[in-house]
Amino acid sequence: MTAVAVQGPGTVPLLTRAASAEWLRLRSVRSTWWCLLAAAAAVLGIGVGTALDEADMAEASGSTASAVLAGEYGLMIGQFALLVLVLLAVTQEYASGSIGPTLQWTPRRGVLLTARVTVPVLVATVAGVLLAVAADVVAVVVEPSLTFSGGDLADSVGGIAAVLLAGGALAVGTGLLLRSTAGALAAVFLLQLVLPALLPAFGVRWMADLGELLPGSAAIWTLLGEPEMSAGQATTLLVGWSAAALAAGGWSLLRRDAG
Amino acid sequence: MIEVRGLTKQYGAGRLAHGSSAVRAVDDLTFDVRPGKVTGFLGPNGAGKSTTMRMVLGLDRPTAGRALVAGRPFATLDEPLRVAGALLDAQAVHPGRSGRDHLRVVARTNGIPVRRVDEVIDQVGLGPAARRRVKGYSLGMRQRLGIATALLGDPAVLLFDEPMNGLDLDGVRWVRGLVRELADEGRTVLLSSHLMSEMEQTADHLVIIGRGRLIADASIEEVLRGQGTGRKVRVRTPSVDDLAGALLRRKLRVHPTDDGDLLVEGASAETVGDIALEVGAAVHRLAEEHTSLEQVYLDLTGDSVQYKVSSTKELVRS
């Protein structure tokens, strides 16, 4: 048998294949489904519960609250189950050493990187948006005094998608850079939740300022309208942090030894 | 065909100079692995076998030199599994996925039909276990899954890193048979091992490395012959002096051994037996000894073993 130079099918079909393999890879492990279940419980449970509280408070003050609060509050916590899903899709291969084999069947690392960023992040975003809308609907069914307008919903869904896309990109990038589930999980939690919530609590000016530079602050603003910042600032933070994380993680996958 | 040219991998910073902390895991390796043969890639632990294979597969970046698979750098191949299949580490599989799902993921990346997945599952004898999660697999089953993955694209080049590790006798015999079959079909097969005895029964050609450097690149026969090891006959007799004298008169080279036997070089058992009869020496034991490849290997790599046992000589004798 003589070696034949195999003519490749071209980059676009390769990307489609790699993406389809990533999708199958995600579907065929239980951890993905556990994460989705946890996200569903968090978004629906916390989201609907909080929206009902808001409805009561609004009623007491003679105003109304919007049902989209359900999805937004729910996602505030539920996003972490989705970020774990994204992160595991990347770091699990470093834990088991299977990144080596993966690069044997997808040795063009740019192709792998594109598929590995796109598929898990899109899965998490779509799942998050669907869960948030479901929470809104459940909330308005349980408490019809909640207002539920198309405009609110569009705004809300846009914000949630932006938060999940940015958070997912941050998780993928961190995972590729640190190559460790524990390390990347800690980093993402600190940046996305712990530090943005903790730093302002010290009452020290520079700490609060620092906290407002973290991606989590922009995510919280997008979902809940706090802390005080402009849409431009929030966008800059979300885009800047995801781009930086993807650049660092991409460098790690493209340039370093497989690991 | 695998072509390795001046391949070098250095860990640690700086140029390799005095006082530098840099380590050369692979040092200027050049060799070819040809089709139709099983090429044994041999060396002590830490000699650089796995690092070399990882560089051939584009997983690790060489400090210098290059490796070509079917004429191209592996990392530029669009459908690499149709060109080369490899098993480096059977444990490197997600434990939560079933063997069949694992193969389906792999097949998808190279546009290989699912039908082929079931074919290789049958070929390696994974059978119904393929639908169970890899978590519950024995090492032998993981090796079979890894080999199935390597065969998936029906490639002309195959690389196996220590595929017999942890296999029971049946498994070892199966791998040996499979590897022979693959080479007989005209494929290029590179098989690494630190076990010489295994290679003696499986490989046609040997590439031996030690401390990252090439020690030998030759057929098994050449490696044995190159060591100048002809036949030897070991003979035990109570009349050592008489027999030794008679053998020496026939211009044969005779060495006494530690346990009082005589080792006769370049003679057959018949010759030594006849000579003993002529001088009336009783023979208590008479045996032809072949220098094993293992011994040659130990001699060849003796200086290059990284973690040396205190006395290699003792190992050779035992």
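Two strands pair if DSSP finds at least two bridges between them. In this predicted model, strand 6 and strand 7 of chain B meet that criterion with five bridges, and they run parallel. One of the partnerships sets Leu158(B) in strand 6 against Val189(B) in strand 7.

These two strands belong to an open sheet of six strands in chain B, with the order 5-6-7-3-8-9 and mixed pairing. Strand 5 (84–87) and strand 9 (213–219) of chain B form the edges, and each pairs on one side only. Neighbouring strands of the sheet are turned by 15 degrees against each other on average, direction ignored.

Strand 6 (157–161) of chain B also pairs with strand 5 of chain B. That pairing is parallel and comprises four bridges. Here Leu87(B) has Phe160(B) of strand 6 as its bridge partner. Further along the order, strand 3 (residues 38–42) and strand 8 (residues 205–210) of chain B run parallel, joined by four bridges. Thr39(B) stands opposite His205(B) of strand 8 of chain B.

The surroundings of strand 6 of chain B were examined by neighbour count. Five of its five residues are buried, so strand 6 of chain B is largely enclosed by the rest of the structure. In a regular strand the side chains alternate between the two faces of the sheet. Both faces of strand 6 of chain B are covered. Val157(B), Leu159(B) and Asp161(B) are buried on one side. Leu158(B) and Phe160(B) are buried on the other.

Helices lie across this sheet. Helix 5 (residues 169–184) of chain B lies across strand 3, strand 6 and strand 7 of chain B. Its direction is at about 150 degrees to strand 7 of chain B. Together, strand 6, helix 5 and strand 7 of chain B make a right-handed β-α-β unit. Helix 1 (residues 49–56) of chain B lies across strand 3, strand 6, strand 7 (188–193) and strand 8 of chain B. Helix 1 of chain B runs at about 150 degrees to strand 6 of chain B.

Helix 1 of chain B also lies across strand 1, strand 2 and strand 4 of chain B, at about 115 degrees to strand 1 of chain B. Those three strands form an open sheet in the order 2-1-4, with antiparallel pairing. Its edge strands are strand 2 (23–33) and strand 4 (64–69) of chain B, each pairing on one side only. Neighbouring strands in this sheet are turned by 20 degrees against each other on average, direction ignored. Strand 1 (residues 2–11) of chain B pairs with strand 4 of chain B over five bridges in the antiparallel sense. Within this pairing, Thr8(B) stands opposite Ala64(B) of strand 4 of chain B.

Chain B is divided into domain 1 (2–218) and domain 2 (232–289). The C-alpha centres of these two domains of chain B lie 47 Å apart.

Chain A and chain B are in contact through 32 residues of chain A and 42 residues of chain B. Four helices of chain A each supply at least two residues of the side that touches chain B: helix 1 (11–27), helix 2 (30–60), helix 3 (68–96) and helix 4 (99–105). The largest share, seven residues, comes from helix 1 of chain A. By class, this side of chain A has 15 nonpolar, 12 polar and five charged residues.

Backbone geometry was also inspected. Most residues other than glycine have a negative phi. Arg179(A) has a positive phi of about 55 degrees although it is not a glycine. Arg179(A) sits in the loop between helix 6 (150–178) and helix 7 (181–198) of chain A. Arg179(A) counts as buried because it has 20 C-beta neighbours inside 10 Å. In chain B, Arg211(B) has a positive phi near 50 degrees. Arg211(B) is found in the loop between strand 8 and strand 9 of chain B. With 20 C-beta neighbours inside 10 Å, Arg211(B) counts as buried.

Leu223(A) lies in helix 9 (residues 215–224) of chain A. Leu223(A) has 22 C-beta neighbours inside 10 Å and therefore counts as buried. The C-alpha atoms of Leu223(A) and Ile160(A) are separated by 6.7 Å, although the two are 63 residues apart along the chain. Not counting residues up to four places away in sequence, Leu223(A) touches Glu72(A), Leu75(A), Met76(A), Gly159(A) and Val163(A).

Key:
Residues are numbered from 1 along each chain as its sequence is written. Chains are lettered from A and ligands numbered from 1 in the order in which they are written. This is a predicted model: local features need pLDDT of at least 70, side-chain atom pairs count only at pLDDT 80 or more; totals for chains, interfaces and linings use all residues. Axes are lines fitted to C-alpha atoms, for helices over the stretch in contact, and angles run from 0 to 180 degrees between N-to-C directions. Two residues are in contact if their C-beta atoms, placed from the backbone, lie within 7 Å. Domain bounds come from an automatic or database domain assignment. Ala, Val, Leu, Ile, Met, Phe, Trp, Tyr, Cys and Pro count as nonpolar, Asp, Glu, Lys and Arg as charged, and the others, Gly among them, as polar. A residue is buried if 20 or more other C-beta atoms lie within 10 Å of its own, exposed if 12 or fewer, and partly exposed in between; C-beta atoms are placed from the backbone. A crossover is right-handed if, with the strands pointing away from the viewer, the path from the first strand over the helix to the second runs clockwise.
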